[in-house]
Amino acid sequence: MAEAHQAVAFQFTVSPDGIDLHLSHQALTEIYLSGVRSWKKRVIGLKNSVVTGVYPASPSSWLFVVIAILATMYTRSDPSMGLIAKIQEHLPVSQSMSAQCQTLVSAVLFSTMLWLLLIFTMRMCLKQLLSYHRWMFEKHGKMSNTTKVWVALVRIFSGRKPLLYSYQGSLPNLPVPLIKDTVNRHLESVRPLMDDTEYERMTSLSEDFESGLGKRLQWYLKLKALWATNYVSDWWEEYVYLRGRSPIMVNSNYYGMDFMYVTPTPIQAARAGNSIHAYFLYRRKLNKEELKPWMLRSAVPCCSYQFERMFDTCRIPGTLTDTVQHWQDSDYIAVYHRGRYFRLRMYHAGRLLSPREIESQIQKILDDPSPPSKGEAKLGALTAGDRIPWAKARAKYFSSGVNKRSLDFIEKAAFFVTLDDDEQGGVADDPTRIDSYAKSLLHGKCYDRWFDKSFSVVYFKNGKMGLNGEHSWADAPVLSHAWQYVLTTDCFQLGYNAEGHCKGEVDSSLPGPQKLNWEIPPECEEQISGSLAVAQALADDVDVHVFSFEEFGKGKIKKCRVSPDAFIQLTLQLAHYRNQGRFCLTYEASMTRLFKEGRTETVRSCTNESCAFVRALEGGEDADVCRRLFHEASEKHQQLYRMAMTGAGIDRHLFCLYVVSKYLQVESPFLKEVLSEPWRLSTSQTPLQVEMFDLVSHPEYVSCGGGFGPVADDGYGVSYCALGEKMLSFHITCKHSCPNTDANTFGGEIRKALRDLLQLLSPEQAEPRKAAAQRPELKKDL
């Protein structure tokens with residue numbers, strides 16, 4: 001219990017001789033330094049709020065306006081057209097000031113009001129400019145004169161050196177599409193999946209909905225859009241994520257992988273030291289808003305609100321719905337190792353621990369021989385099972401005493417860390433190892449991750465690492481940004497010494513990690529066992545296959561004058577048709593972050609055009625016909641993607657109409673059927689932050705991306721990533737319990753489809769159909 005005593009600032013004993021007071025100088029110092037750090041953060045936050053609040057102007061521009069007005073008055077001109085005199089007449093303290101002072105104060109007040117009016121005008125102008133989306137529908141490299149003028153105006157009104165949240169007040173709201181447009185787009189999307197009889201029935205349901213109940217629901221939705229910042233995001237977070245009562249492990253959480261070919265150090269504690277330090281550097285940048293806002297084509301800003309809850313956040317279970325709880329700046333992380341939980345402070349004497357000091361602390365945990373408390377070893381299974389049992393157990397067994405204190409330490413931590421005793425990572429001569437690696441990151445042993453945390457970082461025994469992300473607080477690209485920052489900082493900025501340890505020295509006065517204590521009653525252990533059984537059955541059912549395709553990448557695809565994303569989506573359509581013998585409703589995630597608080601929209605990638613192309617190719621049609629149909633399908637996909645990004649998608653609008661119908665307690669056969677349509681092919685592209693990775697100079701430092709579990713019991717989940725110009729990666733998941741799906745078989749169909757499409761579009765670029773030479777896994781020279 002020595003670690004626990006270090007957290008006590010004072011102790012006292014009452015005796016017949018009086019009160020004996022014992023002060024801990026170290027604890028009081030830490031409390032003082034923690035307060036100083038907290039106040040520094042508040043000051044920085046206040047400064048950033050002012051800078052962001054007046055953007056696209058700057059605080060210094062106020063002084064410029066004041067000086068300009070005073071200079072104009074000095075020439076005996078009145079730029080206010082009498083307003084300064086009116087202000088002077090109504091000054092409440094005019095009798096106690098001289099006439100010259102009154103004039104000066106009135107001029108400053110007028111200048112301030114003029115400055116605020118200019119800021120408001122600039123912000124409204126920028127908001128109107130950012131509502132223009134025609135640029136997205138123009139062919140790449142062929143910008144219209146209107147768009148050129150628009151780009152120039154956006155840059156003029158955007159100001160200089162924006163902070164992360166500077167554009168938040170200028171982003172447009174997500175528009176509500178017309179009922180007629182959404183219904184027609186839905187009918188078009190399901191046409192290739194229905195026969196004539198089914199399509200006629202769906203058309204009839206659509207017409208009845210559009211002319212009847214739909215108008216009423218649309219009125220309420222427009223009312224919400226006028227009142228709320230975003231008419232979709234809050235309902236999407238609550239009803240799609242937080243109200244789900246099934247396990248979030250596999251079903252909702254996703255994973256991210258380490259470098260594919262490089263292990264910077266084989267020392268587990270050293271890898272943890274560098275990357276944990278890098279995460280806190282990233283959090284410091286995030287708190288200071290020093291991260292650059294995401295910009296499309298270097299001119300159009302994307303919403304940044306999802307970054308706010310990355311750290312110090314946890315999903316809290318409830319019987320009806322979960323909640324996402326975000327705390328203030330936590331100065332520690334929670335660590336799991338061999339069934340024990342630890343609290344590890346990241347600051348000492350007011351400074352962030354160095355990578356070498358973090359390595360030392362992690363090594364202490366690895367070397368700690370103490371056994372887990374009774375019931376502690378598999379406690380994390382509660383977060384992996386069904387939500388209602390976890391909510392009830394949390395309320396009954398973790399609402400007071402030592403269990404509540406320990407649970408608070410986990411939930412309020414900056415993030416969660418697992419020190420895994422297994423070795424993971426892909427090697428060239430055994431491709432199944434990368435599948436095992438992905439499967440481990442997705443669910444682990446079902447009790448050695450804390451799935452409720454915003455994200456958990458996993459460190460394996462051989463120095464490999466990965467992450468598991470909770471989905472409700474943000475979408476994968478946001479966490480991916482931090483992950484890629486950590487990977488690059490770990491290797492290219494922090495580095496390791498010749499022995500593979502972190503660089504730097506260790507302060508011998510550092511207090512050790514604090515082991516958390518638990519008092520788990522037998523009834524709670526039974527609940528843990530029940531949740532573990534549910535989670536284990538789900539984990540055992542997941543089939544995962546990961547592969548990198550090195551025969552060509554987006555470089556050759558772009559030479560065919562085709563969008564890489566459209567090329568891959570059509571590849572998936574062809575592979576799925578060959579694998580299943582039919583077409584299916586396909587989900588592709590796109591972002592709506594061009595709008596305030598935007599998250600995602602669905603691109604329905606299975607279209608009439610894509611089906612016509614696949615049928616023609618499989619039916620042996622002439623190559624010229626197949627190429628023409630391919631380009632038509634590609635253009636259609638690009639059109640749908642652009643529409644989704646600009647607020648003209650299908651599924652979020654229909655989802656919100658369905659939520660309104662439930663609030664009004666009215667039934668809609670049309671909406672009920674639409675929302676029950678299964679997504680048997682769910683896909684997503686993992687973005688690569690090109691400014692972080694120099695894959696030309698360091699091609700071996702490439703991450704394999706990440707993946708997610710299957711959405712439908714009889715379908716596939718596919719995540720893909722374009723790694724530089726010469727490589728593609730795919731993460732495929734499905735369920736063993738479905739006899740018609742197999743991840744490895746589907747992976748083989750994807751490889752074949754990729755080669756076939758390149759051969760069709762550009763025979764001279766296509767290489768012989770033999771597997772590219774695989775590179776062995778490398779370790780950095782130590």
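**Figure 1. Lys 224, a buried residue with a relative accessible area of 12%, and its salt-bridge partner Asp 234.** The model shown here and in the other views is predicted. The nearest N and O atoms of Lys 224 and Asp 234 are 2.7 Å apart. Lys 224 belongs to helix H9 (residues 213–227) and Asp 234 to helix H10 (residues 233–242), so the salt bridge ties together parts ten residues apart in sequence. Asp 234 has a relative accessibility of 42% and therefore counts as partly exposed, whereas Lys 224 is buried because its 12% is under the 20% cut-off. Across the predicted model, the count of salt bridges comes to 45.

**Figure 2. Salt bridge between Asp 329 and Arg 283.** The N to O distance for this pair is 2.9 Å. Asp 329 sits in the loop between strand E8 (323–326) and strand E9 (332–337), while Arg 283 is part of helix H11 (residues 268–287). The two residues are 46 residues apart, and their pairing links distant parts of the chain. Arg 283 is buried, its relative accessible area being 2%.

**Figure 3. Salt bridge between Glu 357 and Arg 351.** The side chains meet at 2.8 Å, N to O. Glu 357 has a relative accessible area of 3% and is therefore buried. Arg 351, at 32% relative accessibility, counts as partly exposed.

**Figure 4. A network of salt bridges.** Six side chains are to be located in this view. Arg 245, Arg 315 and Arg 387 are linked with Asp 322, Asp 452 and Glu 470 in the network. Side chains of opposite charge can pair when their charged atoms come close.

**Figure 5. Positive surface patch that includes Lys 47.** The patch is formed by Lys 40, Lys 47, Arg 284 and Lys 288. Lys 47 is placed in helix H2 (residues 25–53). With a relative accessible area of 52%, Lys 47 is exposed, because the value is over the 50% cut-off.

**Figure 6. Nonpolar surface patch with Leu 223 in helix H9.** Trp 219, Tyr 220, Leu 223 and Leu 226 make up this patch, which covers about 490 Å². Leu 223 is partly exposed, with a relative accessible area of 45%. Lys 224, the buried residue of the first view, also lies in helix H9.

**Figure 7. Surroundings of Ser 170.** Ser 170 is located in the loop between helix H6 (145–157) and helix H7 (179–190). Its relative accessibility is 0%, so Ser 170 counts as buried. Apart from neighbours within four places in sequence, the residues in contact with Ser 170 are Arg 123, Leu 126, Lys 127 and Leu 130.

**Figure 8. Glu 188 in helix H7 and its contacts.** Glu 188 touches Asn 608 and Lys 636, with residues up to four places away in sequence not counted. At 31% relative accessibility, Glu 188 counts as partly exposed. Glu 188 and Leu 629 are 441 residues apart in sequence, and their C-alpha atoms are 18 Å apart in space.

Notes: Residues numbered from 1 in each chain as written. Predicted model: local features only at pLDDT ≥ 70, side-chain atom pairs only at ≥ 80, totals over all residues. Heavy atoms only, no water. Helix = DSSP H or I, 4+ residues; strand = E, 2+ residues; numbered from the N terminus. Buried < 20%, exposed > 50% of the residue type's maximum accessible area, 1.4 Å probe, protein only. Contact = heavy atoms within 4.5 Å. Patch = residues over 30% accessible without salt bridge, like charges linked within 9 Å, V, L, I, M, F, W, Y side chains within 5 Å. Areas by Shrake-Rupley, 256 points an atom, 1.4 Å probe, with all protein chains shown as cover. Salt bridge = Lys/Arg side-chain N within 4 Å of Asp/Glu carboxyl O. Lys, Arg positive; Asp, Glu negative; His and termini not counted. Charge placed at Lys NZ, Arg CZ, Asp CG, Glu CD.
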